[in-house]
Amino acid sequence: MLRTFRLNDMEKSALKTRKLLMSAKTFSILSFCSMLFIIVVGAAAAAQHYYAKKPVYSMRELAQTLTGGMFGDMMEVELPQFKSSLESESLNGKQMSTFLMKAMTGVNLDNPASVLAAEIPGMNEQEVILLRKGTGTDASVGPQDYTPVAFDPNADFITNLPDTEIDKPATGTDGKPDGDGKAVAGGASPKRKVAFIYHSHNRESWYPELKEEMKDPTSKTKNITLVGKRLAERLEEKGIGAMHSDMDYPSAIEGFRWELSYKYSKKTVKEAIASSSDLTYFFDIHRDSQKRKYTTVDINGKSYAQVFFIVGHKNPNWEKNEAFAGQIHDALEKKYPGISRGIWGKSAANGNGEYNQSLADNNILVEVGGVDNTLEESYRTADALAEIISNIYWADEMVSGKASGKE
């Protein structure tokens, strides 16, 4: 009898031990699964955040083409307990073609307005992409596009204006013609002209420089072309042959349309390339529309207009343009910490998307300061840019063994 009780006690003890081991095993499995789930979700969230900022199309583009029924079917495959109440559907040819078209061209077949996004800034809310960050970069504050007060977003736009329609005489900032309309050389000292500076939005100005309060910070005479001229002069002083175009497109082009600015400036760049085979560097100088607190930095007791670079991803070779901008950005970071707001990429969904940068590998758009900066601050930045660009040029000359270019 006693032996029977002892056996029962041992069986009960063994049963409790087994239950305890099973509970521990279950707890370990659940803990491991929970930990794995958190790691996977965290990694997925990090990857989503990373790739959402990259200039490529993600699976979000495919998800946008799926119907509710198709999405429900996909959820049922992954979650057996989930039962969709929507009618089962398959991915049809239209949905697939919409996805492929958007992935390859950026055009959404279900949104005809996307066809115009390449020429009409502001038609799409897609944010710009920060490609390189500097010490002066606030990643939460990107470039702010300028739209003239008189600009009518409901106008009947012409997006494929032929070159013959924009082949008009050029004018300088004083409103007088500049000879045959071609770019004017920044100086006569260096024989080879290797840098070309122009302005697609040539009338961009600054509130502090305007005599009277204006809603639209633009000027026919006191504008961003002065900064381009300063850059050309400083490059010439450093032995870098420079050409500067201060063409005033609004008065030079009959029937001027602001949204076609890059088509007008494209012809200017092409003429410059045809006039000098030595041209290597191209700079489209602009002024940003952000406020002073986002566009100004103090360096050694002096205030500078901050600068950043725009690279258009509609250009198939945009990586080469970004690499050139990166050289200038990195050098600015070392010599003038905080002056650069980084390099930003834009697709056709947010602005022009190409910015004439397919015409040359070393063609970049440069934004100097904002609407609240002064001309003096912008001049300081132009001087800094000239110093950095000249250092890059002469370093390349030493490597290639080319002549200095002076007479």
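Me: What makes the contact between the side chains of Glu-259 and Arg-257 a salt bridge?

Reply: In this predicted model, the N to O distance between the two side chains is 2.8 Å. A salt bridge is a side-chain nitrogen of Lys or Arg within 4 Å of a carboxyl oxygen of Asp or Glu, so the pair qualifies. The structure holds 16 salt bridges.

Me: Why is Glu-259 called buried?

Reply: The relative accessible area of Glu-259 is 8%. Buried means under 20% relative accessible area, exposed over 50%, and partly exposed in between (1.4 Å probe, protein chains only); Glu-259 is therefore buried.

Me: Why is Arg-257 called partly exposed?

Reply: Arg-257 has a relative accessible area of 23%, which lies in between the two cut-offs, so the residue is partly exposed.

Me: What makes Asp-288 and Arg-341 a salt bridge, and which parts does the pair tie together?

Reply: The closest N and O atoms of Asp-288 and Arg-341 are 3.1 Å apart, which is within the limit and therefore a salt bridge. Asp-288 lies in the loop between β5 and α8 (292-295), and Arg-341 in strand β9 (residues 340-346), so the pair ties together parts that are 53 residues apart in sequence. Both residues, Asp-288 and Arg-341, are buried.

Me: How do you know that the length of helix α7 agrees with its number of residues?

Reply: Helices (H or I, at least four residues) and strands (E, at least two) are DSSP runs, numbered from the N terminus. The expected span of a helix is 1.5 Å times one less than its number of residues. Helix α7 (residues 261-275) has 15 residues and should span 21 Å; its end C-alpha atoms are 22 Å apart, which agrees.

Me: Which elements do the buried residues of α7 pack against?

Reply: They pack against β3 (193-198), α6 (249-252), β5 (281-286) and β10 (363-368). Among the buried residues of α7 are Tyr-262, Lys-267 and Val-269.

Me: What makes Glu-376 and Arg-380 a salt bridge, and where do they lie?

Reply: Their side chains meet at 2.8 Å, N to O, so the distance criterion is satisfied. Both residues lie in helix α10 (residues 375-400), four residues apart, about one turn of the helix.

Me: On what basis are these values reported, and how are residues numbered?

Reply: Residues are numbered from 1 along each chain as its sequence is written, and side-chain values use heavy atoms, with hydrogens and water left out. Because the model is predicted, local features need pLDDT of at least 70 and side-chain atom pairs count only at pLDDT 80 or more, while totals for chains, interfaces and linings use all residues.

Technical notes:
Contact = heavy atoms within 4.5 Å.
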